[in-house]
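Work through these exercises with the model open beside you. Try each task before you read its solution.

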Amino acid sequence: MGKVYVFDHPLIQHKLTFIRQKETGTKEFRELVDEVASLMAFEITRDLPLEEIEIDTPVSKAVTKTLAGKKLGIVPILRAGLGMVDGILKLIPAAKVGHVGLYRDPETLQPVEYYVKLPTDVEERDFIVVDPMLATGGSAVEAINSIKKRGAKNIKFMCLVACPEGVDAIKSAHPEVDIYIAALDEKLNEKGYIVPGLGDAGDRLYGTK
């Protein structure tokens with residue numbers, strides 16, 4: 001069974017406060033999301049396997065540790081998920097980036113896949129699906145469906161702010177997926193926004209309405 005990890009690191013919580021504030025402008029919002037994504041990437045990669053190699057330091061030979069070649073993939077859910085990618089790549093520059101685009105069907109209100117582009121070696125990679133918000137969970141569930149259909153075996157989901165409804169949706173549809181979040185908020189309101197949340201992440205990242 002997948003686990004839910006809520007990051008209580010002081011730097012993450014401090015920066016998240018400014019991300020939430022409505023007075024925070026687009027430039028600062030974008031920079032803060034980037035920084036928090038880096039801090040979360042530090043935590044989410046804690047269990048990456050290591051191997052020992054022998055190197056020469058300026059003083060002597062030494063047996064030291066290096067990453068054991070685990071292939072990683074980052075998959076932002078378009079468009080807001082793009083705001084978290086660069087922050088993760090700063091720590092894991094060798095990771096490949098895929099993309100999943102979804103839109104909401106006006107009749108059924110269900111997410112529909114319109115664009116998917118993944119690295120060619122899908123089955124060999126561990127994937128981190130990223131989106132700033134986990135509200136109803138519909139987009140996250142469908143994005144995970146999309147990459148599973150293309151052969152992905154090991155998937156994690158990472159977001160800034162989630163609510164219990166979204167967490168439950170992923171756990172129900174994809175019980176093996178670990179969920180990493182910076183804050184678990186109270187609820188969804190009648191308009192489908194997380195309370196207290198941070199508003200519309202895409203609009204705040206890109207200055208749109």
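**Exercise 1.** Decide whether Leu184 is buried, partly exposed or exposed. Then find the surface patch that Leu184 helps to make.

*Solution.* This is a predicted model, so read every value as computed from predicted atoms. Start with the location: Leu184 is in strand 11, which covers residues 178-184. Next, take the relative accessible area, which is 44% for Leu184. Buried means under 20% and exposed means over 50%. Leu184 is therefore partly exposed. Finally, look at its partners. Val4, Val6 and Leu184 make a nonpolar surface patch of about 220 Å².

**Exercise 2.** Describe the salt bridge between Lys15 and Glu35, and say where each residue sits.

*Solution.* Begin with the general idea. Side chains of opposite charge can pair when their charged atoms come close. Now check the distance: from N to O, Lys15 and Glu35 are 2.8 Å apart. The cut-off for a salt bridge is 4 Å, so this pair qualifies. Then place the two ends. Lys15 belongs to helix 1 (residues 10-20), and Glu35 belongs to helix 2 (residues 26-44). They are 20 residues apart and link distant parts of the chain. Glu35 has a relative accessible area of 32%, so Glu35 is partly exposed. A search of the whole structure gives 14 salt bridges.

**Exercise 3.** Which parts of the chain does the salt bridge between Arg20 and Asp185 tie together?

*Solution.* First, the contact: the side chains of Arg20 and Asp185 meet at 2.8 Å, N to O. Arg20 lies in helix 1, while Asp185 lies in the loop between strand 11 and strand 12 (187-188). The pair therefore ties together parts that are 165 residues apart in sequence. Now compare the cover. Arg20 is partly exposed at 24% relative accessibility. Asp185 is buried, at 8%.

**Exercise 4.** Find the salt-bridge partner of Asp203. Then examine the peptide bond that leads into that partner.

*Solution.* The partner is Arg79, and the N to O distance is 2.9 Å. Asp203 is in helix 6, and Arg79 is 124 residues away in the loop between strand 4 and helix 3. Asp203 is buried, with a relative accessible area of 18%. Arg79 is partly exposed, at 36%. Now turn to the backbone. Most peptide bonds are trans. The bond from Leu78 to Arg79 is cis, with omega near 0 degrees. Another cis bond runs from Val195 to Pro196. Pro196 lies in the loop between strand 13 (194-195) and helix 6.

**Exercise 5.** Arg204 is buried; what does its side chain reach?

*Solution.* Locate Arg204 in helix 6, residues 201-206. Look for an opposite charge. The nearest such side chain is Glu23, 7.1 Å away, and Arg204 has no salt bridge. That distance is beyond the 4 Å limit. Next, check the backbone. The side chain of Arg204 reaches the backbone oxygen of Gln21 at 2.6 Å. Last, list the neighbours. Leaving aside residues up to four places away in sequence, Arg204 touches several residues, including Ile19, Arg20, Thr24, Phe29 and Leu198.

**Exercise 6.** Which residues are linked with Lys71 in a network of salt bridges?

*Solution.* Start at Lys71 and follow the charged side chains. The network also holds Asp121, Glu124 and Arg125.

Methods:
Residues are numbered from 1 along each chain as its sequence is written. This is a predicted model: local features need pLDDT of at least 70, side-chain atom pairs count only at pLDDT 80 or more; totals for chains, interfaces and linings use all residues. Side-chain values use heavy atoms; hydrogens and water are left out. Helices (H or I, at least four residues) and strands (E, at least two) are DSSP runs, numbered from the N terminus. Buried means under 20% relative accessible area, exposed over 50%, partly exposed in between (1.4 Å probe, protein chains only). Lys and Arg count as positive and Asp and Glu as negative; His and the chain ends are not counted. A polar contact is a pair of N or O atoms within 3.5 Å; within protein, one must be able to donate a hydrogen and the other to accept it, and residues adjacent in sequence count only if both atoms are side-chain atoms. Contact means heavy atoms within 4.5 Å. Patches are made of residues with over 30% relative accessible area and no salt bridge: like charges are joined within 9 Å, nonpolar side chains (Val, Leu, Ile, Met, Phe, Trp, Tyr) within 5 Å. Accessible areas come from the Shrake-Rupley method with a 1.4 Å probe; for residues, only the protein chains shown count as cover.
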